[in-house]
Protein chains: 2
Amino acid sequence: MTDLFHAAKQNRIFQDVVDQIQEAIISGKIEVGEKLPPERELKEMLQTSRSTIREALRVLEQKGLIEIKLGMGGGAIVTTVSADQVTESLDLLIKSQNVSLNHLAEFRERVEGDVAELAAGRVTDEDIRELKKLLEDAKKYVDMGIDYITHFWEADKKVHLAIADISRNPIYISICKTIHYNIIHYLMKYLPMRVNVMAENYKDLCDIVESVELGKSDDARNLAKGHVRRFNRYMKKMQDEETV
Amino acid sequence: MTDLFHAAKQNRIFQDVVDQIQEAIISGKIEVGEKLPPERELKEMLQTSRSTIREALRVLEQKGLIEIKLGMGGGAIVTTVSADQVTESLDLLIKSQNVSLNHLAEFRERVEGDVAELAAGRVTDEDIRELKKLLEDAKKYVDMGIDYITHFWEADKKVHLAIADISRNPIYISICKTIHYNIIHYLMKYLPMRVNVMAENYKDLCDIVESVELGKSDDARNLAKGHVRRFNRYMKKMQDEETV
DNA sequence: TGTAATAAATGGTCTGACCATTCGGAAAGA
DNA sequence: TCTTTCCGAATGGTCAGACCATTTATTACA
């Protein structure tokens, strides 16, 4: 029913099972948290075989509609659809379309700007406390020197994702996750391993957080955008030198 | 390997099969268009049972990595990953009511702005010809009146997607596709069925295309953003009235 | 030569068995 | 009586082997 996307391979029984269960979930006939009947019962209910039921469950699981637990009291539990599936498919898309660093960078500049802008308009005191804590972590790694650059990037990522959370927009949140998951590989490869890069980056983060705290949307946007852009330039430069 | 997202239910053999095949596909060891070995061979190669292989194939199929054909000469064919899976997951997310129209609208405003800006910097004469042709189509439906509003939205969508193409950034292209696929449902539901809405919209499109043609990035961005924003306001108003 | 019958390859389904994990309750011990 | 241990049932995971349905290639026949 939802699948306007696949050319309806007909006569696939498991697809019919998928459709029926998905319909039941989306329409709310089965609540989130509820358990589907065990495979052996579904088999009877739908007058089919267990293997067919299981293939259908694999599809539903991959769609993020159910989660399967082992053992007695286990089974297929209807889950709240999260952004994870969007993230995963976007991730696959990026990986297999050979999206270049430039494409990703161009996209990231704008997304991080948007997110910072939105966050500045929606931040709470609680959020600020969380951000400050994350900044402290980052600062720690800056002080510990270049050997901790990996830890620093982790902390940096956490700050960015925290800001994304503050945007309160699940689309931006999942997209930021995807970007960071994909960009880390480039960061490691192309960013110069110098202490002042860490320090510079840390300062940027502080500035962005400050604008967000003060609710200065435009500043937050521009700072975030500029921040990402500068690092994109670093990376591009390194990349170009490499290919000479 | 790609799945940092699921809590790694270990000891699931089919998951291991999924990972191995996915790795082979993403890394390019198997080219797009190539066929995977038949199930009975995979079974031997991976020292497992056919049902396990099949469950893995269901997952890969759902991920959009393979496509399965029946009969002799059929089998699992590696496909180019399209935006369809992203679209489908986002679609599910929206249906499960974790993403509201507001979230989608907020996101779209910015994305369309970005895309128009990029397009203005990269457009060719060829592109302009194509855009002008699409605008003519749209105009036709405007003139034909309110009964053709569905056709008009189709034409409108084509213009937006054409502009996305001109951005030359596959990430933006995929995301625009996803947005438009998901927003059409709201358009139908909430946009007032008045002729002047069509006319207004058409005029916006013309303005945007003109800025793109002239390479005025900032204008293009602001026009596109404003265009989307106004329609978001329309939709929000209708939605609010509905829930009173 | 062209068309129809046939065979072979391949995915789809079914059955029934056994294994692995988990949880609750029964049994054993303190 | 309370706690700990252990066993067994429920449930998902895997396996083997059979047969069906669809599609394509081949062969036979007119």
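**DNA strand C and helix α6 of chain A**

Of the atoms of DNA strand C within 4 Å of the protein, 61% belong to sugar or phosphate, and the rest belong to bases. This is a predicted model: local features need pLDDT of at least 70, side-chain atom pairs count only at pLDDT 80 or more, and totals for chains, interfaces and linings use all residues. Residues are numbered from 1 along each chain as its sequence is written, chains are lettered from A and ligands numbered from 1 in the order in which they are written, and side-chain values use heavy atoms, without hydrogens and water.

**Around DNA strand C**

- The strand has 27 residues around it (a heavy atom within 4 Å). Among those that come nearest are A:Arg12 and B:Arg50.
- These residues divide into nine nonpolar, nine polar and nine charged.
- Polar contacts are pairs of N or O atoms within 3.5 Å. A polar side-chain atom of B:Arg54 lies 2.9 Å from a phosphate oxygen.
- A backbone N or O atom of A:Ser49 lies 3.0 Å from a phosphate oxygen.
- A base nitrogen is 3.3 Å from a polar backbone atom of B:Met72.

**Helix α6 of chain A**

- This helix covers residues 125-144 and reaches 29 Å from its first C-alpha to its last.
- Its buried residues (under 20% relative accessible area, 1.4 Å probe, protein chains only) include A:Leu131, A:Leu134 and A:Tyr141. Seen down the helix axis, the buried residues fall within an arc of 135°, so they line one face.
- The face turned away carries exposed residues (over 50%), including A:Arg129 and A:Lys133.
- Just after the helix, A:Gly145 takes a positive phi of about 95°.

Methods. Polar contact = N/O pair within 3.5 Å; in protein donor to acceptor, adjacent residues only side chain to side chain. Nonpolar A, V, L, I, M, F, W, Y, C, P; charged D, E, K, R; others polar. Helix = DSSP H or I, 4+ residues; strand = E, 2+ residues; numbered from the N terminus. Expected span 1.5 Å × (residues − 1). Arc of directions from axis to C-beta.
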